[in-house]
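Please open the structure in your viewer and keep the selection tool at hand. The tour below goes from stop to stop, saying what to select next and what is there.

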Amino acid sequence: MITVVRFGHRKGRDTRITTHVGLTARAFGADRFVLAGSDDRTPLRTLEKVTEKWGGPFETVGVDKWRPFLRKRKGKLVHLTMYGLPLPRVLPQIRKDWETGGELMVFVGAEKVPPDVYEMADYNVAVGSQPHSEVAALAVFLDRLTEGRLLEDSSRFKGAELRLTPCARGKLKAPREPV
Ligand code: SAM
């Protein structure tokens, strides 16, 4: 079980990026997307529509009281931040924790992340020690965690209205899979 937590979303300004964090979470293997500390539900609605069309399960949730939510987690908390330890150094231990401990929570920010998140996190992890994007950081982290397996296999997405057939040129889309 992988939960991605997006924090610091600013209504209007961050809608597109927050939606992209959610899409990346879904496509790269997370089971749940949590929008923390924002009453804007627009990205959640978009993600629900995408899940209806392209398959699930993928849960989307808005959480107001995000500190208790993080504290009550069942597994480890990974905070992606350029100030953290290099991903290759901590990845083996994170993978072990994930495989043995159930849920893994992955936290990404938008604007400034409150200092107590750095304390609460079991791992503060840098995907390179340069500033870039929460979408890029999340994609690389999930891809490394799952060793690229999910890029080859879409079979986990059930109940899709649409399904793609990979092809060298053009677009091959098929309607709903047989029930
Ligand atoms: N200025 C903000 C701060 O100081 O917390 C960060 C802004 S950054 C655009 C938004 C998010 O992208 C960060 O909270 C972090 O989750 C992620 N991020 C950006 N660069 C990263 C890196 N090199 N490694 C890991 N995460 C990164």
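At 29% relative accessibility, does His20 count as buried, exposed or partly exposed? His20 counts as partly exposed, because its relative accessibility is 29%, where buried means under 20% relative accessible area, exposed means over 50%, and partly exposed lies in between, with a 1.4 Å probe and protein chains only. Before you go on, note that this is a predicted model, in which local features need pLDDT of at least 70 and side-chain atom pairs count only at pLDDT 80 or more, while totals for chains, interfaces and linings use all residues. Residues are numbered from 1 along each chain as its sequence is written, and side-chain values use heavy atoms, with hydrogens and water left out.

**Helix α1**

Select residues 15-27, which form helix α1; helices here are DSSP runs of H or I with at least four residues, strands are runs of E with at least two, and both are numbered from the N terminus. His20 is found in this helix, and if you also select Val61, which is 41 residues away along the chain, you will find the two C-alpha atoms separated by 15 Å. Now select Thr18, which lies in α1 as well and counts as buried because its relative accessibility is 0%. Add Arg6 to the selection, and you can see that its side chain is joined to that of Thr18 by a polar contact of 3.0 Å. A polar contact is a pair of N or O atoms within 3.5 Å; within protein, one must be able to donate a hydrogen and the other to accept it, and residues adjacent in sequence count only if both atoms are side-chain atoms.

**Strands β1 and β2**

Next select strand β1 (residues 2-7) together with β2, and look at how they pair in the parallel sense over five bridges; two strands pair if DSSP finds at least two bridges between them. Val4 has Phe33 in β2 as its bridge partner. Strand β2 covers residues 32-36, and five of its five residues are buried. If you show the side chains, Arg32, Val34 and Ala36 point one way from the strand, whereas Phe33 and Leu35 point the other way.

**Helix α2 and the loop after it**

Move on to Thr51 in helix α2, which is buried because its relative accessible area is 13%. The C-alpha atom of Thr51 is separated by 21 Å from that of Gly148, and the two residues are 97 apart along the chain. Then select Pro57, in the loop between α2 (42-54) and β3 (59-63), and look at the bond that joins Gly56 to Pro57, which is a cis peptide bond with an omega of about 5 degrees.

**Strands β4 and β6**

Select strand β4 (residues 76-86) and β6, which pair in the parallel sense over five bridges, with Leu85 standing opposite Val125 in β6. Both faces of β6 (residues 123-126) are covered, since Tyr123 and Val125 on one side are buried, as are Asn124 and Ala126 on the other.

**The ligand**

Now select the ligand and the 18 residues that surround it, of which the closest are Leu80, Gly109, Val127, Gly128 and Gln130; a residue is near a molecule if one of its heavy atoms lies within 4 Å of it. A backbone N or O atom of Gly109 lies 3.1 Å from an oxygen atom of the ligand, and a backbone N or O atom of Val113 lies 3.4 Å from an oxygen atom of the ligand. The elements that give two or more residues to the shell around the ligand are β4, β6 and α6 (134-145), and β4 gives the most, with three residues.

**Helix α6 and the loop beyond**

Finally, select Ala136 in helix α6, which is partly exposed because its relative accessible area is 35%. Ala136 is 112 residues from Thr24 in sequence, yet the two lie 8.9 Å apart in space, C-alpha to C-alpha. The last stop is Glu147, in the loop between α6 and β7 (162-164). Glu147 is exposed, because its relative accessible area is 51%, and it has a positive phi of about 55 degrees although it is not a glycine.
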